[in-house]
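The following note concerns the internal spaces of the structure shown below. It is offered as a set of numbered points for a reader new to it.

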Amino acid sequence: MKQNEWTPWLKNEFAQPYFRNLAAFVHEEYEKGTVYPPKVQVFSAFENVDYPDIRVVILGQDPYHQPYQAHGMCFSVNPGVPVPPSLRNIFQELHDDIGFRIPDNGYLMPWAGQGVFLLNTVMTVRQSQPLSHANRGWETFTDHAISHISDMDKPVVFLLWGRNARQKQGLINTAKHLVLTAAHPSPLSAYNGFFGCRHFSKANQFLTEHGRGAVDWQLPDQDVYRRR
């Protein structure tokens with residue numbers, strides 16, 4: 001894994017008995033079948049957003065479970081992969097909220113580059129079996145990560161969409177950080193409180209007021225990745 005300021009915390013977490021049991025289970029799953037994301041990308045969120053740089057946390061449930069989609073950051077898919085329905089709804093809310101131009105891809109790495117930490121609360125999954133790695137220890141790991149972020153001196157915005165994400169609110173120091181909750185952006189629930197939540201403009205207002213700078217949510221079209 002790439003070394004950064006997450007490294008000491010991760011090393012300590014990896015040494016805990018619960019994580020050793022989790023790691024053994026996940027290793028066996030990769031050995032005997034197809035698991036997403038690719039093993040080298042499981043900790044992409046931690047590698048691409050260093051701890052002191054976090055400005056916004058978005059929580060997902062577990063990785064996409066079809067080929068080429070998941071790459072270790074919630075809601076994001078690789079360039080060239082069709083944009084999944086929940087992410088299309090996120091883009092629609094961005095458009096309605098801040099005039100976001102909807103891109104032709106769902107690669108959210110430019111957000112990570114600005115301190116948007118995209119964390120699935122369960123970080124691996126079997127192909128075509130959503131939540132197949134739930135209740136194996138990932139929830140403990142990501143709870144600890146959320147608590148560690150809450151301990152930061154700098155104010156952070158937490159975007160908690162859906163019941164599972166909202167259950168994490170108790171881990172966050174709401175006297176210091178901004179917590180915004182809404183329905184999940186999936187097609188089944190987006191019209192029940194996700195659309196119209198205006199979380200992206202609210203996040204930027206809070207970050208600006210606290211001297212941390214607004215996030216540029218606009219994403220490039222995938223031609224920019226082909227040229228690299």
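1. In this predicted model, helix α2 (residues 17-32) is the element that gives the most to the lining of the second largest pocket, contributing six residues. The volume of this second largest pocket is about 160 Å³.

2. The residues that line the second largest pocket are Phe19, Leu22, Ala23, Val26, His27, Tyr30, Lys39, Val42, Phe43 and Trp138. Sorted by class, this lining holds eight nonpolar residues, one polar residue and one charged residue.

3. The largest pocket encloses about 510 Å³ of space. Its lining is formed by 24 residues, of which Gln61, Asp62, Tyr64, Ser86 and His184 are the closest to the centre of the pocket. In terms of class, the lining of the largest pocket comprises twelve polar, eleven nonpolar and one charged residue.

4. Turning to cavities, the count is one when those of 30 Å³ or more are considered. The volume of the largest cavity is about 50 Å³.

5. Which strand supplies the largest share of the lining of the largest cavity? Strand β3 (residues 116-120) does, with three residues. The complete lining of the largest cavity consists of Pro37, Val42, Ala45, Pro63, Gly72, Met73, Leu118, Leu119, Asn120 and Met123.

6. As to the character of that lining, the largest cavity is bordered by eight nonpolar and two polar residues, with no charged residues. Val42 deserves a separate remark: this residue lines the largest cavity and also lines the second largest pocket.

Conventions. Residues numbered from 1 in each chain as written. Predicted model: local features only at pLDDT ≥ 70, side-chain atom pairs only at ≥ 80, totals over all residues. Heavy atoms only, no water. 1 Å grid on protein atoms, 1.4 Å probe; cavity = no way out; pocket = protein on both sides within 12 Å on 5 of 7 lines; lining within 4 Å. Points joined across faces, edges and corners; volume = space filled by probe spheres on them. Helix = DSSP H or I, 4+ residues; strand = E, 2+ residues; numbered from the N terminus. Nonpolar A, V, L, I, M, F, W, Y, C, P; charged D, E, K, R; others polar.
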